[in-house]
Structures are given as structure tokens and as C-alpha cells.
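User: I should like to learn how to read the main features of a structural model. Could we work through one together?

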Amino acid sequence: MCLLEQVKTMEDDFGAFSTSPFLTESLELAMEVENESSGPSCFSCAFDSLNGGRRFSAESYLASGSLKRVLLRLDPSPNDYEENTVELFGFQWVTEMALVESCGFLFGLLRQQILRLENLVQMNSSDFGQAAHLHSEAESIRHQCLKFLHYVKVFIFRYLELPKVENDGILHPYEELEAQLPSVLVEELHALTVHIGHLCELPSNVLAAFTIQNQAKVFPPSWHLLHLHLDIKWLVLEILHVLGEKLKGQVVYANHFINLTGENLTSTSLFEKHCGNLLSDLISLAINKYTKVRPSEALTSSHYPCTCIKELWILLIQLLDHRNKGSNTECFWSLVNTTLKNIFERPSNSDNVSGFEIIQCKDPLSFSWWIVSHLAPLYQFDRNGNLDEKKQKEPNWKFVEELLKKSTDTQTRVLEEHLRMHLQCCLTLCTFWDLNLSIVTILWDYYSKNLNSCFTVPWLGLKDLANVSKTSLSMLELVKRCCCEQQIPSLFNSSNSYFIFLSILAQIMKEENHGVHPWKQLKGRIYSKFHRKRMQELTEVGLQNFFNLFLMLAIVVETEDIMSRVLDLLDFLTPSSITASRRALIWRGHFAFLLIYVEKNMDISALAEKISNAFHEKAKEFLVTKNDYTQRQNLWTLLSTYIDGVQEVFETSCYLSLSEEKLLNDGFTMLLPACRGAELSMVLNFLQVVLARLR
């Protein structure tokens, strides 16, 4: 078929669905393949760093354009199988007739070659000369199998014709065979999938080939057998898709197959079943990898043992979402979600597919978070295997919301170390997908009830105390980290789950939801959790978490409104319940808000007067308290907090034009004669710094 005929056929097929970008893409691809010397596309991780910057090998289904041609309804291999005869498994066949006349025989030869390769695996040798011979023979067998499967795909595209019944209703014998070919193909493809079985059922020495990295490109037969299994699993889907396109969506029934429930095997049911089994295979491989992953390493540990598995995931994304747009078939995320639920819920009914209920996973919830957060970035790859960060990414929020509800369910009692990992994954997904307010609602319902919790991991020890703030500036800096882009994988050790929640909240606050700012939708929900009783229930830890929340909000949304609400809420605290350390925390929080005002170039007059008056009262108490050591210590804790806070404000302010001087009052006049030793040294040092700034 010439180039113009290809484009015209494609345009007729798509009709109203054709768009200008689609035609442009098709023309470019068709022009590319005119000059292409192609071998059969295959999975291969046997390529080194000198691969021209490609993420996948040149013969991969993505980089070779194989997937793209299938999706665009172009000839799968335009430069191959063009002679009158084709060699398959050592025999010469008539190119345009072989599959019609000898379909069952050819698939039988394919199964024989697979058995030959399996026998070679048993002969594996450590002798280099023998190893090279085995590699060459195994490579040849795999090439023959691939050549045949690609031929099947090309035959369907080029030569398969829908039966044309003459007036008398009699078909030519060849036409009768051709009419039966789709049904025979469905039966043979089904038999092939049964023959090769599941990836997880392969011997351990074959599965171990995933980890082989051989720069000499001499691979054992086990490597070739494993990758042939991947090829077959993918090519069965491609062949069924091309068959469906050729028959314009017509369902093909297998003539001689009925399952145990009395249902006929069809091209559609085979595609769905094989696809489900393949996803189960891939998830099973991922579970095996996950068993070696620590929660702290979740985001840096990939789910695929080699790049071929990564490519297979991307191929499934592209194919399933492409089919979903043209019909009512399930999209990629829907199938993944169903597969995860089927595996982990382990239904008791006997109809459960293929024995996957035996998969063991100690922590299915954490695994689900891990696999979804690693699959989401794969949407950035286009049909050629190139990274395109601007490419639209399909979200999977509904499933993630279910995961989040389980993570924050008090009955589940998820450990802090796992909760951190879950929220790290959630934060990662927020960077890929569109705004979702429901996740904030779920998280806030949980954290609003647990504000008094420390959210620590016992085995992290002192590392986990990094979230305790000694000064107002360190308190603010800690919160600021939640409002800027962070290295998410490092958050496990540097932040607790509550701070990761604040990072998620800050991320969402930066976006708009259909022209409405998220704060307007979340404001009432957050404020409503803080009433008089709740404020009085807050411990010192709870008060710290209270300040962290509102400081973050003051940075990203309405600063003055937030500050006003904080002052109103703090008035709910009864003076008798406020210890010296809690009051010092309140003062540090107050100064952290002052620093935000200064950084935003807002006048601090009203806020400064409020805390300055409180300082004046405490300085007077300190002056008259001489012999009560405990009382002096408590008062000095407060006074030193004030001194540190004022110094930080003066050092932060650029021009001292925001009423900073209102923080200086005659409280210092009373403080100087009352100080002793180290106390006096601190006050004098503070005055020296302030005077230097005022000059």
C-alpha cells in the first residue's frame, strides 16, 4: 500500500475522529518508515550507555515506532514480508497464504521452538566458548519466534479479507479457510497464552535473568527465554488489537472452545483475560521487589527489575488508554485498580482467575501506594518512549482516596513510618495530577483529631527530633520548607507525617479549582475544628502543630485573616492552664507571624503592641522576683524568648519601616537592673545588635 493510500484509508476509518495533529503525526511516521531497515521489534535491556541518550533500545516497541504504527492503523512492518515467499521456522511459505492454510501447524512450530529454548536453559554452561554458542542458538530461536508473531500481525493487516458471499452463497475453499481464520487465530493465541503460563510460574533460574547486566552482550538462554515470554505476552495483545481494527470491532468467536461456565471464548474476552493476567504478572514481579524496599527508600526504589518491564508498563498505558478513547473498554488505571483489589482482597469464590490469590504481600496498603506512585510518572512517556513532561497525565484520584482512607483509619492503626511513606507517595502524585480537594479533607479529618500526637518513629532516635523549634525563626523556616519544592524522597527522615500533610496542603493551595481558590473551599472546614473546648485540649505538642498549620496558611493565603483568627483562638486558652513553656511557645509563634509580616512588607504595629505589652508585664514581675529561683527561671524563659524574637525581627527587616520600634519599650529599663551574669550579657548583646541596626 503506498503512502497516500495509507493516509486515505486511515482518514476514512477515523471519520469524524480524525484531527489535523493526528494526520500530521501519521504522515511523518509513514515517511519515516519508507527509509527504515527494520528487524522485528523486541524487548531488550542489552544496550549500554552509548545508546544515543535513548531510554529504551532502538529495537524496542516504543523506540522502533512499532506501537505507534499499531495505534495509528499503519502497516506494522512496512519494509518486511514483501517477497512472494517468507521463511518461517526454516521452511518457505507463500507470504499471502501461509497463515490461512497452515495456521495451526505454524503455531505448533512456534510452541516447539519455545520448548527448544527451554531445553537450552537446562544446558547452561559457565564455559565461555559454550556460553557464546548457547547465546547464539538461543538468540536465533527467539528471533524465529518473533519473526513469526510479527508476520501474523502483518498478515492480518495486509491480507486478511472479510468473506464475500456470492449470489449462490457458495465460497471458494480458500475463502472458507480465510473466513475461519479469525476464529482459528483466537483459539491458537489462547492456546499460546496457556502454553507459556504466568511469569511468576517460571523457574527461579529464569526469573533471575532479570538482574543480568552483561556489557559483552553474551546472555544465557534463560535471559532469552525470559524476554521471549515478555515478547509473546505483548505481541498477543498487539495481534488481537490489530485483528479487532481489521474487522472493525466485530467480535470473533472461537469455534471449538467453551470454558467451564459455558461461555464462548471471543477475541474480546481473550484480550481482557490476557491483559488482566499480564497485569497480575507485572504486579507479582513488583511485589517481589517491594519485599526488599524499606519505607524510607520507597520513592527511590523502582518497581521494575529491568527496563523491559518498564517499557511493558508504558506499552500497556498507551494501548489501554487508546482503546478506552475509542470504545467503552477499561482504561489503564481502572484495570490496575481492579487487579490490585482482586489480588489483595482474595475473594473466596472459585471463579477467581489463575490462582493469583496465593500472592503474599505483608503490607498490601503500602505496596498499593508504592506501585501507584511509580506508575503515575510513566504517563510522561509518549508513544516513541520519549519523556514529555507536558504530556497530559491521567489521574487515579478515586483509588488514591480509598487508599488514604485506609491509611488514616484509626482501626487500621498504620504506623508513623508507614504513614510517612504513604503521604510521601501522595505528595508525589500531587505534583503529577490535577488539584484534588478530597484528599485534603480526608487528611485534615485525621490530623485535626490527632494534633496532640508527636508523629515520631522510635527507631529514628534523635534524627526524629529535628522538627522541634527552639526559636521563632527556626519555627518559620521549618514551615517554609512545606511551602516550596522539596526533595520528596528525603522527607521521610527530615519531616514527620504531619509536616508532609502540610506540604500537600500548601501544594494544593497554590492551584486554582475551576477559577475558585482552594482556600475558599477549605477555610470553613479547617476553622470549624478549632473551638473553645478543642483549644483547651491542646497539649504543648498540639499547640506547636496548631502554629505550624496556621503559619503555613499565613505564608500561602490570607496573612491578616489567618493572624486575626489565631489571636481569637488563643484567647480561648485559660491563663491558669498556660505553663511557662507553653507561653514561651505562644510567644515564639507570635514572633514567627511577625517575621512573615516583615517578609511580606506589612506593618506590624498592632501585633507588636500586643506582645510588647505582655513583655512589659513579665519584665515588671522579673524585677520584683528576687529570691524565688523557680519563678525567675520561668520568667527568664519568657523574657529570653522575647529578646530572641525581637532580635530576629530587627535582623530580618530591610528598612525598619514597619513599626519595628514598637517592640522596644521601658520593659528593658526594668530588665537591666534585674539581670545577673549570663542574663545581663544576653540583654547587652541584644541591645548592641539593635542599636547597630538602628544606625
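**Reading the fold**

Analyst: Let us begin with the contacts along the chain. Of the contacts in the chain with a separation of 6 or more, 76% are between residues 24 or more positions apart. Please keep in mind that this is a predicted model.

User: How many helices and strands does the chain have, and what percentage of the residues count as buried?

Analyst: The chain has 27 helices and 4 strands. Among its 695 residues, 53% count as buried. The accessible surface comes to about 32,200 Å², and carbon and sulfur atoms contribute 51% of that area.

User: How should the packing of two helices be read, for instance α8 and α10: at what angle do their axes cross?

Analyst: One considers the distance between the axes and the angle between their directions; angles under 35 degrees count as roughly parallel. The axes of α8 (residues 221–246) and α10 (residues 307–326) come within 11 Å and cross at roughly 10 degrees, so α8 is roughly parallel to α10. On the α8 side, the contact is made by His227, Leu230, Trp234, Leu237 and His241. The α10 side contributes Cys308, Ile309, Leu312, Leu315, Leu316, Leu319, His322 and Arg323. By class, this contact has 9 nonpolar, 3 polar and 1 charged residues.

User: Where is glutamine 318 placed, and is glutamine 318 buried or exposed?

Analyst: Glutamine 318 lies in helix α10. Its relative accessible area is 10%; since buried means under 20%, glutamine 318 is buried. Not counting residues up to four places away in sequence, glutamine 318 touches Leu67, Leu71, Phe381, Asp382, Arg383 and Lys391. The C-alpha atoms of glutamine 318 and tyrosine 379 are separated by 8.5 Å, with the two residues 61 apart along the chain.

User: Which residues of helix α13 are buried, and what covers them?

Analyst: In α13 (residues 397–407), the buried residues are Trp397, Phe399, Val400, Glu401, Leu403, Leu404 and Ser407. Their cover includes α11 (332–345), α12 (364–375), α14 (416–432) and α15 (437–447).

User: How many disulfides does the structure hold?

Analyst: In general, a disulfide is a covalent bond joining the sulfur atoms of two cysteines. The structure holds 0 disulfides.

User: Do cysteines 361 and 654 count as buried or exposed?

Analyst: Cysteine 361 has 12% relative accessibility and therefore counts as buried. Cysteine 654, at 63% relative accessibility, counts as exposed, because the cut-off for exposed is over 50%.

How values were computed:
Residues numbered from 1 in each chain as written. Predicted model: local features only at pLDDT ≥ 70, side-chain atom pairs only at ≥ 80, totals over all residues. Heavy atoms only, no water. Axes fitted to C-alpha atoms, helices over the stretch in contact; angles between N-to-C directions. Parallel < 35°, antiparallel > 145°, perpendicular 65-115°, else oblique. Contact = heavy atoms within 4.5 Å. Nonpolar A, V, L, I, M, F, W, Y, C, P; charged D, E, K, R; others polar. Buried < 20%, exposed > 50% of the residue type's maximum accessible area, 1.4 Å probe, protein only. Areas by Shrake-Rupley, 256 points an atom, 1.4 Å probe, with all protein chains shown as cover. Disulfide = S-S within 2.5 Å.
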